[in-house]
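Welcome! Take a moment to look at the sequence and the 3D view before reading on.

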Amino acid sequence: MSLAYRLLYAVGYVPWEQPAKLDAVHERISALFEREEEGRQPPYGQALDLGCGSGIWGVELARRGWQVTGVDLVPKALRRARARARQAGVELRLVEGDVTKLGATGLGSGFRLLTDFFLFHDELTDAQRVAMGREVTAIAAPSATLLMTAWAPGRRGPLPRGASRADVEAAYPEWKVIDEEPFDVVTGARFYRHIRKADPRVYRLRRE
Ligand SMILES: C[S@@+](CC[C@H](N)C(=O)[O-])C[C@H]1O[C@@H](n2cnc3c(N)ncnc32)[C@H](O)[C@@H]1O
């Protein structure tokens, strides 16, 4: 399943990293993090970045005062994340593993904040989505928050198939969607015009 990502990282074709170059995306994601930090002082607690890739958002969370673990299937992505953290001068725990089998990774538990930036909506099958939901729930703290970005469902050749709110709710039956907002800062950018119809959303879930 990770073959496509392995290849893409190997050849250095990582288009999902483009949005992070936009100030608007940074501001939007920072605002999402700020909402989780409101009324509290750092350190904010344990955060887990699911499918952390090269650590763009994990490093940002660590910089803000979260104790961050990033998990990803692809060793090259993790090597890049390690270099990014070193360069930023922050601590980032990086674990190679499959989000559908988190129990096997020895990640631990008690994560207060979990982030899933464009993983769930991609190549996981329905059964794998359910497995991911179960594994994430097992390691999340009570009342944890999960922030997830996803395109709307649709056929787009090799591009992500997307996920609806119902898909998210089906995989996370022990969580409640407390916010669903457009994430149009991504498709508003020129290089994403061709996927404007992807209608990206950001879901905020609370573990019940
Ligand atoms: C679209 S990229 C997003 C990366 C990162 N979240 C970002 O926004 O820059 C999806 C990431 O999920 C990882 N991934 C895909 N399936 C995975 C799985 N089953 N377990 C862990 N990581 C996975 C890929 O290797 C890739 O780094």
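Below is a short tour of the ligand site, followed by some notes on the backbone. Please keep in mind that this is a predicted model.

**The ligand and its surroundings**

Let us begin with the ligand, which sits in the largest pocket. Around the ligand there are 18 residues, and those that come nearest are Y9, G51, D72, D98 and V99. Sorted by class, this shell holds 13 nonpolar, three polar and two charged residues.

Which atoms make polar contacts with the ligand? The table lists contacts of Y9, D98 and V99.

| Residue | Part of the residue | Ligand atom | Distance |
|---|---|---|---|
| Y9 | polar side-chain atom | oxygen | 2.6 Å |
| D98 | side-chain N or O atom | nitrogen | 3.0 Å |
| V99 | backbone N or O atom | nitrogen | 2.9 Å |

On its own, the ligand has 580 Å² of accessible area, and the protein covers 97% of that.

**Notes on the backbone**

Now follow the chain itself. The peptide bond from P42 to P43 is cis, with omega near 5 degrees. You can find P43 in the loop that runs between helix 2 (23-37) and strand 1 (45-50).

F118 is not a glycine, yet its phi is positive, at about 65 degrees. This residue belongs to the loop between strand 4 (111-117) and helix 5 (126-139). Is F118 buried or exposed? Its relative accessibility is 19%, so F118 counts as buried, the cut-off being under 20%.

S143 also has a positive phi of about 65 degrees without being a glycine. S143 is located in strand 5 (residues 140-150), and with a relative accessible area of 49% it is partly exposed.

Terms used: Residues are numbered from 1 along each chain as its sequence is written. This is a predicted model: local features need pLDDT of at least 70, side-chain atom pairs count only at pLDDT 80 or more; totals for chains, interfaces and linings use all residues. Side-chain values use heavy atoms; hydrogens and water are left out. A residue is near a molecule or strand if one of its heavy atoms lies within 4 Å of it. A polar contact is a pair of N or O atoms within 3.5 Å; within protein, one must be able to donate a hydrogen and the other to accept it, and residues adjacent in sequence count only if both atoms are side-chain atoms. Accessible areas come from the Shrake-Rupley method with a 1.4 Å probe; for residues, only the protein chains shown count as cover. On a 1 Å grid over the protein atoms alone, a cavity is a set of points where a 1.4 Å probe fits but cannot get out, and a pocket is an open set with protein on both sides within 12 Å along at least five of seven lines; lining residues have an atom within 4 Å of a point. A molecule sits in a cavity or pocket if more than half of its atoms lie within 2 Å of its grid points. Ala, Val, Leu, Ile, Met, Phe, Trp, Tyr, Cys and Pro count as nonpolar, Asp, Glu, Lys and Arg as charged, and the others, Gly among them, as polar. Helices (H or I, at least four residues) and strands (E, at least two) are DSSP runs, numbered from the N terminus. Buried means under 20% relative accessible area, exposed over 50%, partly exposed in between (1.4 Å probe, protein chains only).
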